[in-house]
Amino acid sequence: MKTGTDYPLAVVIGYGPDHKTATKLVVSIFKKPGQKDPTAMEKWFVENGDIRKDSGVMDATITFIKRHHAARTVTYDRVYGCPHEEGIDYPEGEVCPHCPFWANLDRDTLDPKSLELPLTPEQILAGLGCERDTQPLQSFAAVELHRKEMTEAFVQLLERVLNHPAAATAEETRSFTYALAFLTKWREPRVFPLVIRWLSLPDVLPFKFGGDAVSEWGPRMLATVCGGDLEPIKQLILNPEANEFCRGQAVEALAVLAAWNPAAEAEATEYLGWLAREGLEREPTAVWDNLLFACVDLEAVSVFADLRRAGSEDLVDPVMVETECSMIEKEPRGQQIVRFRASLKPFDDVVEETSWWECFSKDNDIWEEPPLAFARPPVPGLMEPIESTPYVPPPPLKPYVAPPKTGRNEPCPCGSGKKYKKCCGA
């Protein structure tokens with residue numbers, strides 16, 4: 001909420017023929033809260049290129065803002081609609097004939113206004129790539145209505161990002177996970193090698209493009225789209241250049257496949273045993289944790305001795321090994337794999353699969369004023385001062401009372417919607 005200390009307030013908005021290129025820049029000055037019309041306004045235009053990269057225009061906007069002694073500047077990081085004005089450049093109530101891109105898009109969300117009007121893959125991708133705090137359900141519906149065109153657009157997007165990950169734009173990064181989700185839901189054969197390439201990216205790049213989807217989707221996604229071809233999954237497990245957590249998801253994918261297809265259980269158990277005995281490098285990595293989880297979920301008791309040996313070598317936490325293995329050995333055989341199988345939902349609903357994202361949480365703080373991508377540093381003197389907060393001592397500690405033990409595959413009690421072992425129990 002704006003306060004009196006924010007004023008005079010300068011608001012900077014770019015407009016253009018599409019959501020990527022700004023050809024018009026408008027700076028408005030508001031002197032008090034609740035003011036409907038600006039006290040002063042200035043507009044700049046360019047015929048070609050992006051006006052936000054024009055140093056002359058940027059200098060002019062800075063001069064204008066300083067001249068009006070703005071206490072705060074609010075800017076937008078994306079283009080906010082067509083540069084032409086209704087009633088001036090084209091008749092009232094009609095669609096701008098010069099900017100067809102905006103004809104069927106809401107300029108706030110970039111979602112389609114109507115599913116009955118024409119839409120291009122570029123327009124649909126714009127809605128998916130827009131930063132927002134609610135699920136793009138209208139864009140989801142548009143994707144389903146244009147499945148054939150979007151299949152090609154999604155495959156091209158994934159290939160483009162994976163070929164040049166360092167050059168990926170913010171929009172492509174946000175759309176990347178949606179592309180994976182829809183292609184997996186549609187069981188598109190071309191997505192399997194792309195999922196493998198995604199999870200094989202070095203360092204933290206898989207998380208840059210997928211975030212928590214690496215662990216939440218990785219095993220089920222690989223199991224869903226592999227078509228019975230396990231060799232690429234095994235190569236990912238043994239790839240020392242890949243991120244250790246992604247390699248671990250490939251291990252768990254074998255357990256998912258075996259849970260979905262009991263006929264493959266013996267083969268999966270044999271391979272997991274080989275990993276524990278000699279296949280994995282004898283150094284502690286997250287892959288060992290996932291190997292333990294996979295063996296426990298499949299009740300692969302024949303591998304437990306090798307896992308305990310790995311624990312004695314500190315390749316995996318020995319206490320965790322003993323706790324997990326002992327739990328299975330004490331239970332009647334078959335109970336854990338039944339629980340595990342029941343926890344594995346088919347990858348069929350993109351709305352449900354993305355509903356847990358933190359950006360869609362009602363409790364998440366929304367970044368309502370992202371910075372405009374100016375081709376120069378912020379204006380000195382327009383930055384907001386950092387307010388100091390007086391120190392308040394914490395309340396006295398209360399005795400800790402342990403909560404009831406939660407099963408590894410049960411919903412996490414924190415309310416995240418994830419399984420306990422993938423959340424607070426990780």
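This report describes a predicted model of one protein chain, taking in turn its overall make-up, its sheet, a pair of helices and one glutamate.

## Overall make-up

The protein chain holds 16 helices and four strands. Of its 426 residues, 47% are buried. Among contacts in the chain with a separation of 6 or more, 64% are between residues 24 or more positions apart.

## The sheet

The four strands form an open sheet, ordered β3-β2-β1-β4, with mixed pairing. The edge positions are taken by β3 and β4 (72-79), each of which has a single partner strand, so one side of each has no neighbour in the sheet. From one strand to the next, the twist averages 15°.

In general, the strands of a sheet pair through backbone hydrogen bonds, in either a parallel or an antiparallel sense. Here β2 and β3 (residues 40-45) are antiparallel and share six bridges. Strand β1 (residues 9-15) is also antiparallel to β2, with seven bridges between them. By contrast, β1 and β4 run parallel and are joined by five bridges.

## Strand β1

Seven of the seven residues of β1 are buried, so the strand is largely enclosed by the rest of the structure. Its side chains alternate: L9, V11, I13 and Y15 point one way, while A10, V12 and G14 point the other way, and all of these are buried.

V11 has a bridge partner in each of two strands. In β2 the partner of V11 is S28, and in β4 the partner of V11 is V74. A10, the residue before V11, stands opposite I29 of β2.

## Strand β2

Strand β2 (residues 24-30) is likewise largely enclosed by the rest of the structure, because seven of its seven residues are buried. K24, V26, S28 and F30 point to one side of the strand and L25, V27 and I29 to the other, and all are buried. The buried set therefore includes the charged residue K24 as well as S28, under the cut-off of 20% relative accessible area.

On the β3 side, V27 of β2 has E42 as its bridge partner. Towards β1, S28 is the bridge partner of V11, and I29 lies opposite A10.

## Helices α6 and α8

Helix α6 (residues 191-199) packs against helix α8 (residues 213-225) at an angle of about 145°, and the two axes are 10 Å apart. The crossing of these helices is left-handed.

On the α6 side, the contact is made by V191, F192, V195, I196, W198 and L199. On the α8 side, A213, V214, M221, L222 and V225 take part. Sorted by class, the contact has 11 nonpolar residues and no polar or charged ones.

## Glutamate E244

E244 belongs to helix α10 (residues 244-260). Is this residue buried, exposed or partly exposed? E244 has a relative accessible area of 32%, and is partly exposed because that value falls between the cut-offs of 20% and 50%.

Leaving aside residues up to four places away in sequence, E244 touches T285, A286 and V287. E244 and A286 are 42 residues apart in sequence, yet their C-alpha atoms are 5.7 Å apart in space. The side chain of E244 also reaches the backbone nitrogen of A286, at 2.6 Å.

Note on methods. Residues numbered from 1 in each chain as written. Predicted model: local features only at pLDDT ≥ 70, side-chain atom pairs only at ≥ 80, totals over all residues. Heavy atoms only, no water. Buried < 20%, exposed > 50% of the residue type's maximum accessible area, 1.4 Å probe, protein only. Pairing = 2+ DSSP bridges. Contact = heavy atoms within 4.5 Å. Polar contact = N/O pair within 3.5 Å; in protein donor to acceptor, adjacent residues only side chain to side chain. Axes fitted to C-alpha atoms, helices over the stretch in contact; angles between N-to-C directions. Left-handed = near helix turned anticlockwise from the far one by under 90°. Nonpolar A, V, L, I, M, F, W, Y, C, P; charged D, E, K, R; others polar.
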